[in-house]
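Student: I should like to learn how the features of a structural model are read from its atoms. May we take them one at a time?

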Amino acid sequence: EDTLRAAHVKLTHLRMSGNLVSEAFAYGFQVVEQLGESFPAAPDNEIIVKELLDMKQLVTGPMNESKLKSLPEMADSTKKEAMAFLDEMLVCSYQIQSIHLPLLACRMVRI
């Protein structure tokens, strides 16, 4: 837990340092990989389109808004930690205009 807290502080520091956002982003991927969430290093458009279409099907089909609202609060501490890192990485992704942004957002919905 202390290691994850330190990793989160490091990621936030790198992201807020301005010119180290890409380094923060890469570091975030290392951490979430250790938490069981892996991503392709260089996703192509096909992967992104597939993920977005799968997400559209999920949220308009079996997991509609009312079902999403009725889900219990997340209890898995590892997933909670992953969500905290993915949140920081989403900001990094936006700042550096990474192609990973939709993949990060979709993963956060799935978790």
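**Reading the model**

Tutor: Along the sequence, the protein follows the pattern α-α-α-α-α-α. The count is 6 helices and 0 strands; helices (H or I, at least four residues) and strands (E, at least two) are DSSP runs, numbered from the N terminus. This is a predicted model, in which local features need pLDDT of at least 70 and side-chain atom pairs count only at pLDDT 80 or more, while totals for chains, interfaces and linings use all residues. Residues are numbered from 1 along each chain as its sequence is written, and side-chain values use heavy atoms, with hydrogens and water left out.

Student: What is the radius of gyration of the protein, and what does the globule rule give for 111 residues?

Tutor: The radius of gyration is taken over C-alpha atoms, and the globule rule is 2.2 Å times the number of residues to the power 0.38. Here the radius is 15 Å, close to the 13 Å that the rule gives for 111 residues, so the protein is as compact as a globular protein of that length. Along the principal axes, the C-alpha atoms fill a box of roughly 40 × 35 × 20 Å.

Student: How many of the 111 residues, in per cent, count as buried?

Tutor: Buried means under 20% relative accessible area, exposed over 50%, and partly exposed in between (1.4 Å probe, protein chains only). Of the 111 residues, 30% count as buried. The protein exposes about 7,200 Å², of which carbon and sulfur atoms supply 56%; such areas come from the Shrake-Rupley method with a 1.4 Å probe, and for residues only the protein chains shown count as cover.

Student: Which residues have the most contacts inside the largest nonpolar core?

Tutor: A nonpolar core is a set of buried Ala, Val, Leu, Ile, Met, Phe, Trp, Tyr and Cys residues joined through side-chain atoms within 4.5 Å. The largest one has 21 residues, and F29, V32, F39, F85, L86, M89 and L104 have the most contacts inside it. Helices α1 (2–16), α2, α5 (77–95) and α6 (101–110) each supply at least two residues of this core. The largest share, 7 residues, comes from α2.

Student: How many aromatic pairs does a search of the whole structure find?

Tutor: Rings of Phe, Tyr and Trp (its six-membered ring) pair if their centres lie within 6.5 Å; planes under 30 degrees apart count as stacked, over 60 as edge-to-face and the rest as tilted. The search finds 2 aromatic pairs. One of them joins F25 and F29, edge-to-face, at 4.7 Å centre to centre with 75° between the planes. Both residues lie in helix α2 (residues 21–34), 4 residues apart, about one turn of the helix. An α-helix has 3.6 residues a turn, so residues three or four places apart point the same way. F25 and F29 are both buried. The rings of F29 and F39 have centres 5.6 Å apart and planes at 65°, so this pair is also edge-to-face. F25, F29 and F39 form one aromatic cluster, and F39, like F29, is buried.

Student: Which charged residues lie over the face of a ring?

Tutor: A charge sits over a ring if NZ of Lys or CZ of Arg is within 6 Å of the ring centre and within 35 degrees of the ring normal. K10 lies over the face of Y27, at 4.3 Å from the ring centre. R107 lies over the face of F39, at 4.2 Å from the ring centre.

Student: Where does R107 lie, and what surrounds that part of the chain?

Tutor: R107 lies in helix α6. Contact means heavy atoms within 4.5 Å; leaving aside neighbours within four places in sequence, R107 is in contact with E37, S38, F39 and L86. The C-alpha atoms of R107 and L86 are separated by 8.5 Å, although the two residues are 21 apart along the chain. The buried residues of α6 are L103, L104, C106 and M108, and their cover includes α2, α3 and α5. With the same neighbours left aside, L104 is in contact with F25, F29, F39, L86, M89, L90 and S93.

Student: Is H100 buried or exposed?

Tutor: H100, in the loop between α5 and α6, is buried, with a relative accessible area of 7%. Beyond neighbours within four places in sequence, H100 is in contact with F25, F29, P40, A41, P43 and S93. Q97 has its place in the loop between α5 and α6 and is exposed, with a relative accessible area of 72%. Phi of Q97 is near 55°, a positive value in a residue other than glycine.
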